[in-house]
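Please look over the sequence and the structure below. The report that follows covers charged pairs, nonpolar cores, one helix and one loop residue.

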Amino acid sequence: MSAQNKIAVVTGSNRGLGYAISRKLSQIGNKVILTSRNQTDGLAAKEQLSSEGLTVDYHALDVTSDASVQQFTDWLRETYGKVDILVNNAGVNPATKPEESSLLTVQLETMRSTFETNVLAVLRITQALIPLMKVHNYGRIVNVSTEMASLTSIPNDYYPLAPSYRLSKIGVNGLTVLLAKELQSDNILVNAYSPGWMKTDMGGDNAPFTAEEGAETAVYLATLPDGGAQGRFFAEMRKFGGPVQVQW
Ligand SMILES: NC(=O)c1ccc[n+]([C@@H]2O[C@H](COP(=O)([O-])OP(=O)(O)OC[C@H]3O[C@@H](n4cnc5c(N)ncnc54)[C@H](OP(=O)(O)O)[C@@H]3O)[C@@H](O)[C@H]2O)c1
């Protein structure tokens, strides 16, 4: 199947990494469906990409809302009848909250709201869209994680403790492995990756890399050939000049 026929959904694509991934996937010929919880922001992103000569579609999508996911899925089924690529990018990081400096002080409510967006919402939209992949025996699911969620690296890494963020992304990693196991006889490849520290609203101005650089691995995983990586965790390709796996 050529990229021309492929329908790619990117969650939280009105800004930051999601926007950069959408632009790259569109530039190589995929039909990208931009999504955002705020319609004005999403339509502005669509307008910007259109002004660059890219043809993208748009639909509102709040991944934490059952009703929004249902409406989006119904629209997608009626409009396109299938989906090929799902990039689970939308995420939150409450790192600036003082209680996030320790697992001894983190508020359960912060933990709950972070898990709601970063884990349960990934499961919600993934459950909704997999039938639209199974219908044509093709799918690529890319879960945006972080190397801060590498259990192997945590004891010696230098990142902020950020307990709710880290634990939520560990949840995303677990979801990736379990889903890949469940889909191992389908042509639906599920992988996670760390985009690295990027200059986005979440990453801040001091980050060393751009969202465009962080998007590279997402595009690699979204366009894997049949029989490609399944249930793996990748680093940002920029750092290594090619796809390299991170230890869970
Ligand atoms: N920046 C980094 O250095 C870094 C490093 C590692 C991993 N990541 C991961 O990369 C992903 C993107 O991060 P970013 O840096 O681009 O962050 P960002 O600039 O803060 O953008 C986050 C995006 O997620 C969307 N979002 C949040 N909650 C949503 C919801 N309920 N429904 C739909 N969309 C929602 C936001 O929409 P609104 O505009 O409506 O808020 C926004 O589009 C996240 O999963 C993050 O954890 C980032």
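## Arg124 and its partners

In this predicted model, Arg124 counts as buried because its relative accessibility is 18%, below the 20% cut-off. Arg124 forms a salt bridge with Asp66, and the closest N and O atoms of the two are 2.7 Å apart. Asp66 lies in helix H3 (residues 66-79) and Arg124 in helix H4, so the pair ties together parts that are 58 residues apart in sequence. Asp66 itself counts as exposed, at 59% relative accessibility.

Arg124 also meets the side chain of Glu116 in a salt bridge, at 3.6 Å from N to O. Glu116 counts as partly exposed, with a relative accessibility of 28%.

## Other salt bridges

The structure holds eleven salt bridges. One of them joins Arg77 to Asp74, with 3.1 Å between the closest N and O atoms. Both residues lie in helix H3, three residues apart, which is about one turn of the helix. An α-helix has 3.6 residues a turn, so residues three or four places apart point the same way. Arg77 is partly exposed at 42% relative accessibility, and Asp74 is partly exposed as well, with a relative accessible area of 26%. Elsewhere, Arg23, Glu52 and Glu212 are joined into one network by salt bridges that share partners.

## Nonpolar cores

In soluble globular proteins, nonpolar side chains tend to be buried together. The largest nonpolar core here has 30 residues, of which Leu17, Ile21, Leu25, Val87, Val142 and Tyr193 touch the most other members. At least two residues of this core come from each of strand S1 (7-10), helix H1 (16-27), strand S2 (31-36), helix H2 (39-51), strand S4, strand S5 (139-144), strand S6 (188-193) and helix H7 (216-222). Helix H1 gives the most, with five residues.

Which residues does Ile21 contact, leaving aside its neighbours within four places in sequence? They are Val10, Val87, Tyr193, Ala215 and Ala218. A second core, separate from the one above, has 27 residues, including Ile33, Trp75, Ile130 and Leu183.

## Helix H5

Helix H5 covers residues 163-182. At 1.5 Å a residue, its 20 residues should span 28 Å, and the C-alpha atoms at its ends are 28 Å apart, so the expected and modelled values agree.

Which residues of H5 are buried? Among them are the polar or charged residues Ser164, Arg166, Ser168, Lys169, Asn173 and Thr176. The buried residues of H5 also include Pro163, Tyr165, Val172, Leu175, Leu179 and Ala180. Their cover includes helix H4, strands S5 and S6, and strand S7 (233-234).

## Ser102

Ser102 sits in the loop between strand S4 (85-88) and helix H4 (108-134). Is this loop residue buried or exposed? Ser102 is buried, because its relative accessible area is 17%, which is under 20%. Leaving aside neighbours within four places in sequence, Ser102 is in contact with Leu161 and Pro163. Pro163 is one of the buried residues of helix H5.

Methods: Residues are numbered from 1 along each chain as its sequence is written. This is a predicted model: local features need pLDDT of at least 70, side-chain atom pairs count only at pLDDT 80 or more; totals for chains, interfaces and linings use all residues. Side-chain values use heavy atoms; hydrogens and water are left out. Helices (H or I, at least four residues) and strands (E, at least two) are DSSP runs, numbered from the N terminus. Buried means under 20% relative accessible area, exposed over 50%, partly exposed in between (1.4 Å probe, protein chains only). Contact means heavy atoms within 4.5 Å. A nonpolar core is a set of buried Ala, Val, Leu, Ile, Met, Phe, Trp, Tyr and Cys residues joined through side-chain atoms within 4.5 Å. The expected span of a helix is 1.5 Å times one less than its number of residues. A salt bridge is a side-chain nitrogen of Lys or Arg within 4 Å of a carboxyl oxygen of Asp or Glu.
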